[in-house]
Amino acid sequence: MLKSISINDFALIDKMRVEFGSGLNVITGETGAGKSVLISAINLALGGRADRTSVRTGCDCLRVEAVFDISNDKITVNALNDLGIDVEDTVVITRKVTLEGKNDIRINGVSATLNMLKSVTVHLVDIYGQHEHQALLDNGTHIHFLDKFLGNSIEAVKQKLNSLLNEKRAILEKINNLGGDEFSREREREMLEYQVQELENANLDLNEEEELLTKKARMENAQRISEALGSARELLFSMPSGSVCDNAYMAGKYISNVEAYDSDLTEILERVESIKIEAGDIADTLEQKLEECEYNELDFREVDSRLDLIKSFKRKYGASIAEMLEYLKNSQTRLLELEDTEALLEEYSLKLKQIETYINEVCAQITDIRKVGALKLQRAILSQLKELGMAASTFEVAFSPIAPQHNGADVVEFMFSANAGEPLKPLVKVISGGEMSRFMLAFKVVMGKLKSVDTMIFDEIDNGISGVVSVAVGQKMALLSKNAQVITVTHLATIASFADTHFQIAKCVNGGKTNSTLVSLDYNGQICEIARLAGGDNESTLGLAHAQELKNNAIKFSAGLK
């Protein structure tokens, strides 16, 4: 429910705060006083278009803050939680628009995008004005309106349908994975057999490429390696002037001759002996490495050929040997599947046929439920239209078949005729503005019992009506307000008389600037305003008496509503 809205520097409004009630809120005032500005400000808070031309003359920006009570609105709470916005019982929406066109949106103080805002407010308010009936005039939405009217009676069957459609999709995917027709599968089998055989014959090893590259590098640098290793060995063991091993031997001999005179020399002697042993071992190892440096041209060609093979495989089977081995594994599995293709295809085709039969049966069940519900919706709408002065009108829900999809196998369209003897035609093609206002109200009364939102706003829905019909419109508004908060702008006394909360907007000139002001009227104030709207003198006894009669009749009617 919309608790309040605060408006700053918006068109004619300098500063305004409106505290709305929970029932029927009526807004009246002279033409041009600012009623539409108030509705525009609410619409802006809901995610409407931000227009910098709406900034009040002489100001830098406009600001609108709307406060909603969502203590009983789990859908909105969940929508806010999905956006990561903390919420308890209240949501505060703030929008600021500058002269430069900058648009700042806050939800409970958290910066938000326009799409984020709309994802929240779509659950809060249903706003209808002279140009706000596009949804009902879009025949693509009619099936959703009908299903919403049907409620739980159709949802369970639609869930069953979607489960079957998911099963069908899974089977079609399995059939598709089998490779199409028999010729295509045979071509795939031949190709896979060749690839598997090629990879198996290659006998690839996971670390092979790295080892081959290392080996190739050694081969290419064999002479350099051999010279370096040979020189190192000579220095350790074979130098004529005295190798490391010979020198270590002589050093040990000298130390052993005097070891008896200094106990510390024993440890030194052991270390020298270790040097001699280690040097000899290194020399032997170098000898072995020198032998490994002996490559012939055939060895080099074998390594190079193997690397070329791996390189060619990379273009076909993967960027690494690991990927090639994974490709081989998958191809082997796929070959096994293709061997059983015919049996699997027969099995899947049988399942597909069975599921399609079930889908058609469930779709027929959904259509039957919809057609029964459509008759109820037709009767309910026509009953409301009759009370709104459109007794000669005709309304039907037309059905046409389509291929089964997630919403069933129906195309639904609302058909309408406003005059007796005129054929039914699509609603969008035949309904006028005044008729649309009443049709929308009738539709809202019927659908409003479902309480899809907590707040409904009507901006001058009384366009083109008067007299007895206007009384009926007021009664419908009062009826709607028993299930939801209703806010309406009107210029008709009969509708205004049904207000639970009545606001009057007026404009005044102060300091050379025009400003819209708003007051909440008490009972006496309402009587005076109703008298003004009725076209009488709001100070004459007769005009006030008529207004009081309208108000008292409205109070009596509302009291009798359940």
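Here are legends for three close-up views of this predicted model.

**View 1. Helix 6, from residue 152 to residue 177.**
Let's start with a quick length check. Helix 6 has 26 residues, and at 1.5 Å a residue these should span 38 Å; the C-alpha atoms at its ends are 38 Å apart, so the expected and modelled spans agree. If you are looking for its buried side, find Ile154, Val157, Lys158, Leu161, Leu164, Leu165, Ile171 and Ile175. A lysine, Lys158, is among these buried residues. Their packing partners are two helices, helix 5 (142-150) and helix 14 (341-387), and two strands, strand 9 (394-405) and strand 10 (408-417).

**View 2. Helix 5, a packing partner of the buried residues of helix 6.**
Because 7 of the 9 residues of helix 5 are buried, the rest of the structure largely encloses this helix. The buried set consists of His142, Ile143, Phe145, Leu146, Asp147, Phe149 and Leu150. Just after helix 5 comes Gly151, which has a positive phi, near 65 degrees.

**View 3. Asn25 and its surroundings in strand 3.**
Strand 3 covers residues 24-29, and Asn25 belongs to it. How buried or exposed is Asn25? Its relative accessible area is 0%, under the 20% cut-off, so Asn25 counts as buried. A polar atom of the Asn25 side chain lies 3.3 Å from the backbone oxygen of Gly23. Beyond its neighbours within four places in sequence, Asn25 is in contact with Phe20, with Gln485, Val486, Ile487 and Thr488, and with Thr501 and Phe503.

Methods:
Residues are numbered from 1 along each chain as its sequence is written. This is a predicted model: local features need pLDDT of at least 70, side-chain atom pairs count only at pLDDT 80 or more; totals for chains, interfaces and linings use all residues. Side-chain values use heavy atoms; hydrogens and water are left out. Helices (H or I, at least four residues) and strands (E, at least two) are DSSP runs, numbered from the N terminus. The expected span of a helix is 1.5 Å times one less than its number of residues. Buried means under 20% relative accessible area, exposed over 50%, partly exposed in between (1.4 Å probe, protein chains only). Contact means heavy atoms within 4.5 Å. A polar contact is a pair of N or O atoms within 3.5 Å; within protein, one must be able to donate a hydrogen and the other to accept it, and residues adjacent in sequence count only if both atoms are side-chain atoms.
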